[in-house]
Amino acid sequence: MAAALGGKSSALSLEAKDGFVRVRKRDLEKLTTEVMQLREFLPRVLNRDLIETLRKAKAAQTMKEHLVKEQDQLRQECQHLQSRLDAVQTECQKEREEKLLLREQLWQSGAELQQQADFCSGLGSATCSLLWGCSSMEETVTHWLADGKLQSFLTVAAQTLESFVRSLDEEVKSQTEDHNSQEHQFVLALAGTITNIAAVTCGRDFLSTSAHVLLDTLMKLLELMKPGVFPRLKVLMLMALYNVSINIRGLKYISENPGLLPLIWTLLDDVDWEVCLHALRLLQSVLLEEEVLLLLGSSLLDPELQSRVSQLTSRSQPSLRLAAQQTLEDLQALHKGRGSKQNSL
């Protein structure tokens with residue numbers, strides 16, 4: 001058909017004259033025949049399926065162009081994200097190197113700090129050991145009081161003792177405690193110095209009137225420490241409280257603490273016999289003062305207290321047995337005295 005059209009076009013003899021075209025009759029007949037053939041065949045070719053196919057092809061082309069555009073956009077975003085990833089990785093590597101450097105510096109600082117702590121512990125242990133020895137002389141304590149610096153020392157000592165006791169890992173220390181370490185010697189020397197100050201008349205007068213925070217701290221720390229943990233420190237603190245109790249004002253202040261008797265009860269069950277002994281001596285000091293007996297009331301008459309003291313009379317240590325027997329007699333006498341007063345009423 002195309003060939004025929006091509007032939008027709010070449011065979012036409014066109015003469016434009018006043019807007020008309022001259023065509024030979026035979027060519028016109030051929031053209032008419034071809035037009036009729038086109039009218040017959042075009043509906044068969046250009047049917048709905050072809051139109052739908054063309055529409056789908058156009059839609060597919062449009063979708064293809066859209067996908068190409070999206071692909072270009074995604075490629076750009078991917079390149080942007082890759083650039084950000086590279087920058088973040090570089091920053092991460094830089095931070096990792098800085099972290100390693102800081103860790104190294106931290107380790108070095110920790111080592112230096114431990115060296116300083118060991119040095120301070122050694123210095124404190126040596127210094128307080130000297131103070132402990134010096135405080136055994138009465139004139140030294142008198143001089144300290146006259147100098148006016150004793151209050152500051154006692155404040156620091158109370159804080160140091162509390163910090164040490166609260167840092168004890170009691171479950172481990174009860175088995176692996178090293179009493180010869182510089183830290184322990186430092187703490188023992190502090191407690192021993194306080195005990196020696198309280199052993200001097202002017203010293204316990206000062207503690208009874210001007211060191212109530214220290215006395216409260218000693219009783220609180222004795223309550224915090226579990227049985228069997230650092231008994232040497234417990235003994236020294238109990239000795240300090242006993243020395244203070246020799247002073248009537250000191251005894252009254254200690255007795256006004258509601259935790260005193262529960263503390264003594266607990267210490268009477270301690271596994272270390274020396275702790276039990278000095279707990280008994282503190283209880284004896286309480287039993288000797290009439291005003292304190294009136295203050296504590298019926299708590300001293302509790303049969304459980306007598307039972308605990310009675311159990312200590314069968315211990316193997318002679319000094320502990322003797323102190324327990326004397327304390328038991330004091331408690332029995334107190335019970336009889338209260339009973340006779342009630343009968344007389």
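1. A quick definition to start with: buried means under 20% relative accessible area. With that in hand, Asn-243 of helix H10 is a good first stop, because its relative accessibility of 12% puts this residue in the buried class. Leaving aside neighbours within four places in sequence, Asn-243 is in contact with Thr-195, Ala-198, Ala-199 and Arg-204. Please keep in mind throughout that this is a predicted model.

2. Now to the nonpolar core. The largest one has 73 residues, and Leu-154, Leu-207, Leu-233, Leu-300 and Val-309 have the most contacts inside it. Which helix gives the most to this core? Helix H13, residues 273–287, does so with 9 residues. For a local view, pick Leu-154: setting aside residues up to four places away in sequence, Leu-154 touches Ile-194, Ile-197, Phe-206, Leu-207, Ala-211 and Leu-214. One of these partners, Leu-207, is also on the list of residues with the most contacts inside the core.

3. Helix H13 also packs against H12. The axes of H12 and H13 come within 9 Å and cross at roughly 145°, and the crossing is left-handed. On the H12 side the contact is made by Leu-260, Leu-261, Ile-264 and Leu-267; H13 brings Val-275, Cys-276, Ala-279, Leu-282, Leu-283 and Val-286. By class, the contact has 10 nonpolar residues, with no polar and no charged ones.

4. On to the charged pairs. Side chains of opposite charge can pair when their charged atoms come close. The count here comes to 7 salt bridges, and a few of them are worth opening in your viewer. In the pair of Lys-234 and Asp-270, the N to O distance is 2.8 Å. This pair links distant parts of the chain, 36 residues apart: Lys-234 is in helix H10 (residues 231–245), while Asp-270 is in the loop between helix H12 (260–267) and H13. Are these two residues buried or exposed? Lys-234 counts as buried because its relative accessibility is 1%, and Asp-270 is likewise buried, at 4%.

5. Another long-range pair joins Glu-162 and Lys-220, whose closest N and O atoms are 3.1 Å apart. Here Glu-162 sits in helix H5 (residues 150–166) and Lys-220 in helix H9 (residues 212–224), with their positions 58 residues apart in the chain. Lys-220 has a relative accessibility of 32%, so this residue counts as partly exposed. Arg-166 comes in as well: Glu-162, Arg-166 and Lys-220 are linked in a network of salt bridges.

6. The salt bridge of Arg-75 with Asp-72 is a local one within a helix. The closest N and O atoms of this pair are 2.8 Å apart. Arg-75 and Asp-72 are separated by about one helical turn, because they lie 3 residues apart in helix H3 (residues 48–134). Both ends are partly exposed: Arg-75 has a relative accessibility of 40%, and Asp-72 has 35%.

7. One backbone detail to finish. What is the phi of Phe-230? The angle is near 50°, a positive value in a residue other than glycine. Phe-230 lies in the loop between H9 and H10, and with a relative accessible area of 0% this residue is buried.

Key
Residues are numbered from 1 along each chain as its sequence is written. This is a predicted model: local features need pLDDT of at least 70, side-chain atom pairs count only at pLDDT 80 or more; totals for chains, interfaces and linings use all residues. Side-chain values use heavy atoms; hydrogens and water are left out. A nonpolar core is a set of buried Ala, Val, Leu, Ile, Met, Phe, Trp, Tyr and Cys residues joined through side-chain atoms within 4.5 Å. Buried means under 20% relative accessible area, exposed over 50%, partly exposed in between (1.4 Å probe, protein chains only). Helices (H or I, at least four residues) and strands (E, at least two) are DSSP runs, numbered from the N terminus. Contact means heavy atoms within 4.5 Å. A salt bridge is a side-chain nitrogen of Lys or Arg within 4 Å of a carboxyl oxygen of Asp or Glu. Axes are lines fitted to C-alpha atoms, for helices over the stretch in contact, and angles run from 0 to 180 degrees between N-to-C directions. A crossing is left-handed if the near helix is turned anticlockwise from the far one by less than a right angle, and right-handed if clockwise. Ala, Val, Leu, Ile, Met, Phe, Trp, Tyr, Cys and Pro count as nonpolar, Asp, Glu, Lys and Arg as charged, and the others, Gly among them, as polar.
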